[in-house]
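Work through the exercises below with the structure in view. Each task is followed by a solution in steps.

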Amino acid sequence: MPTFVYMTRCDGCGHCVDICPSDIMHIDKTYRRAYNIEPSMCWECYACVKACPQNAIDMRGYADFAPLGHSVRVQRDEKKGTIAWKIKFRNGTEKNFLSPITTKPWGTAIPKLAEVPGPSKEMRDGQLLYNEPKWIRMDDGGLRTLEAAGLKLKTGVYY
Amino acid sequence: MAETIIEDGIDVLVVGAGLGGTGAAWEARFWGQNKKIVIAEKANIDRSGAVAQGLYAINCYMGTRWGENNPEDHVRYARIDLMGLVREDLLFDMARHVDSTVHQFEEWGLPIMKDPKTGRYLREGRWQIMIHGESYKPIVAEAAKKSADKVFNRICVTHLLMDDGRENRVAGAVGFNVRTGDYHVFKAKTVICGAGGASNIFKPRSVGEGAGRTWYAPWSSASAYGLMINAGAKMTQMENRIVLARFKDGYGPVGAYFLHLKTYTQNCLGEEYESKWFPALQQMVGKEYLDPEASHLTHRPIPTCLRNHCIISEVNAGRGPIHMVTMRAFQDPHLEEVGWENFLGMTVGQAVLWAATDVDPKNENPELTTSEPYVMGSHATCSGAWCSGPEDISPPEYFWGYNRMTTIEGLFGAGDAVGGTPHAFSSGSFTEGRLAAKAACKYIDDGKAEGIVVSDEQIERRKAEIFKPLEHYRIHRNAVVAGDVNPHYINPKQGLERLQKLMDEYCGGVTVSYMTNEKLLNIGLKKLSIMEEDLESLAAKDLHELLRAWELKHRHRAAECVTQHTLFRKETRWPGYYYRGDAMKVDDANWHVLTVSRRDPKSGEYTMEKAPCYHLVGDEVA
């Protein structure tokens, strides 16, 4: 279901142009509003719909296989950390869903690795990655090795 | 005329910031705290790559700290699912690190569902955990942005730069800004290729607007392969394309349905159909690869391709469509919610399609189909570059100094770019990026990237090549009154349609039920070669079409490599992905090997070889 843009809602701000992964939301030069220039390269990913401050972008299911008369609308709320969906069927049935999108305030939970203590020489020469061996073992042991697992790599046909 | 913008002195250049690239950029900062780390991304890093839309599951998590699985268990699973042929050193390495990646995601705010009884991550299947992943990509993008010195969005990288002072060493990358048309030159000591696999190289089932509803993202333009093959990197298992059994038309995912909702499939008569195809299939592949009784007893999976084979066979026998039996599971309101949110989290289009067609899976069982083929390296398939493994694991044939380094010095891979590592999915791809970043920093610290020379001639030659389609359009457009029919050029859409048609018909696409043979493949190669001549006459009327032109060139190169590999492997290793009609059996005596190709960048000739396939074997067997 490719995107389309309501003429009366779009103010030409370009948020959809900035975010579209497929480079298909462009500003029409005459109307100064956004539109989908290449529907057959639209994945219906909703990135532009979620980014539109005017709720001006919607979807109309792919003409190849989707009859008219449906709607799937979304509200993504970064502050609340939620996403709300409303599905309307062609026959009028409605379904609503609400999900979290993050558990932490944006921009706060990810450390700057330029500012953490750097790796030791031992760590550089070994196989560990940043912050390991945290999370990778049940016990206090290090990284899994073939020796620890009692394994060898051999050529031949094994299943 | 386009400005030339040179970014110099880069230590680590990340090309393509999907899950592999963001992992690389993030981790590179730890190992290279004073290094210059730069990202070049075709779209906007906040919503780019295969996870742009979100994900509802992380399909690669061991749970080692809970005693759920060990890395070698995952290797054995990937091995049987791919009919024996994978890079087990790379897989073991990815699997032993992946849990640290996933727990890190949770610390960063990714909502991971918990099992209320155990407090552990909620399992969808043995390897899969369930998440609310609508913002998965913005979260990992934030991590990458915190580590990178600069992020260049909207740069379509077209070529890797090569060292003019030393053969076979990378020196950066070049491309153009899709918005401004500026020519961008990135001079770098190392490059980590995190670019994407290939959608849209085979003719899709939906050829109108619906062509956009690909299984893998339409912007996954085979650039991982186009860039690396053109630079002369060795590739592996490129014949191992994947076909997906998915909900019809929308290609909505089925993993949660099978594993969590316990739905199952049946033919149009309401019958179980899989088992009746097993005896004949066992004749083709051998009991080693298909042993339903053993699978039943030990939970050893039946390979994905073989399950596809049953669907294809049943449909061809006239008992389609295949239905997913959802009506029972969806009576439970919680499971119904999971079923819908699964789509809304990663394939909204399937929800739209069901709304448009009044399909409520509570009241009727939706149709399934098998998709057109895709070429990628992180799902149930493993096409990609031939890369070095880690020093403490890899045998000599798999090791040349730096983990995840391709056969080009200084060029590393992550995600779809790395061959032989299926079932990495999002978390494994991010982990591979981390591994590549550590190795790239080490490569620089070891002094391996000293004295790189990039001549002005190389920079200018690439520039002329990149912008040629715009120039070609300007010169020839007025030869005709109006319209897109012009004897001097084709446009990118016309070219893509030609590529898809020939790959479909000659290389085992959907309209021929995935069948090909030596004769067909040779014709296909001839047509691809002629098409390459026409790609010199590609015309782009604006920057958007220039982007599509370069995506097409990358797709074409990947398609050629896929065809070469398919021709080389004279057996049918993965029935249900494709069939070699002239060699319809698995042939372990001759083909229990990994296929490795190299295209000579000067002559365009391919060299094919067999590389040994090593397996993890317990002491009792060894």
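**Exercise 1.** Find how far apart the C-alpha centres of domain 2 and domain 3 of chain B lie, and describe the contact.

Solution. The C-alpha centres of these two domains of chain B are 31 Å apart. Domain 2 of chain B covers 245-370 and domain 3 of chain B covers 465-587, with bounds from an automatic or database domain assignment. Next, count the contact: 12 residues come from domain 2 of chain B and 10 residues from domain 3 of chain B. Two residues are in contact if their C-beta atoms, placed from the backbone, lie within 7 Å. On the domain 2 side, helix H7 (274-285) and helix H9 (304-316) of chain B each supply at least two residues, and H9(B) gives the most, with 7 residues. Helices (H or I, at least four residues) and strands (E, at least two) are DSSP runs, numbered from the N terminus.

The model is predicted: local features need pLDDT of at least 70 and side-chain atom pairs count only at pLDDT 80 or more, while totals for chains, interfaces and linings use all residues. Residues are numbered from 1 along each chain as its sequence is written, and chains are lettered from A and ligands numbered from 1 in the order in which they are written.

**Exercise 2.** State how many residues of chain B are in contact with chain A, and where strands of the two chains pair.

Solution. Start with the count: 90 residues of chain B are in contact with 77 residues of chain A. Helix H3 (residues 88-108) of chain B gives the largest share of the chain B side, 10 residues. Then look at the strands: S8 (residues 151-155) of chain A and S20 (residues 614-618) of chain B run antiparallel, joined by 5 bridges. Two strands pair if DSSP finds at least two bridges between them. Within this pairing, Lys152(A) is opposite Val617(B).

**Exercise 3.** Give the strand order of the open sheet of 4 strands in chain B and name its edge strands.

Solution. The order is S14-S9-S18-S19 (chain B), with antiparallel pairing. Strand S14 (384-385) and strand S19 (606-612) of chain B are the edges, since each pairs on one side only. Strand S9 (residues 235-236) of chain B is joined to S14(B) by 2 bridges, and Thr236(B) has Gly384(B) as its bridge partner.

**Exercise 4.** List the contacts of Cys193(B), leaving aside neighbours within four places in sequence.

Solution. The partners are Val15(B), Gly16(B), Ala224(B), Leu227(B), Met228(B), Leu411(B), Phe412(B), Gly413(B) and Ala417(B).
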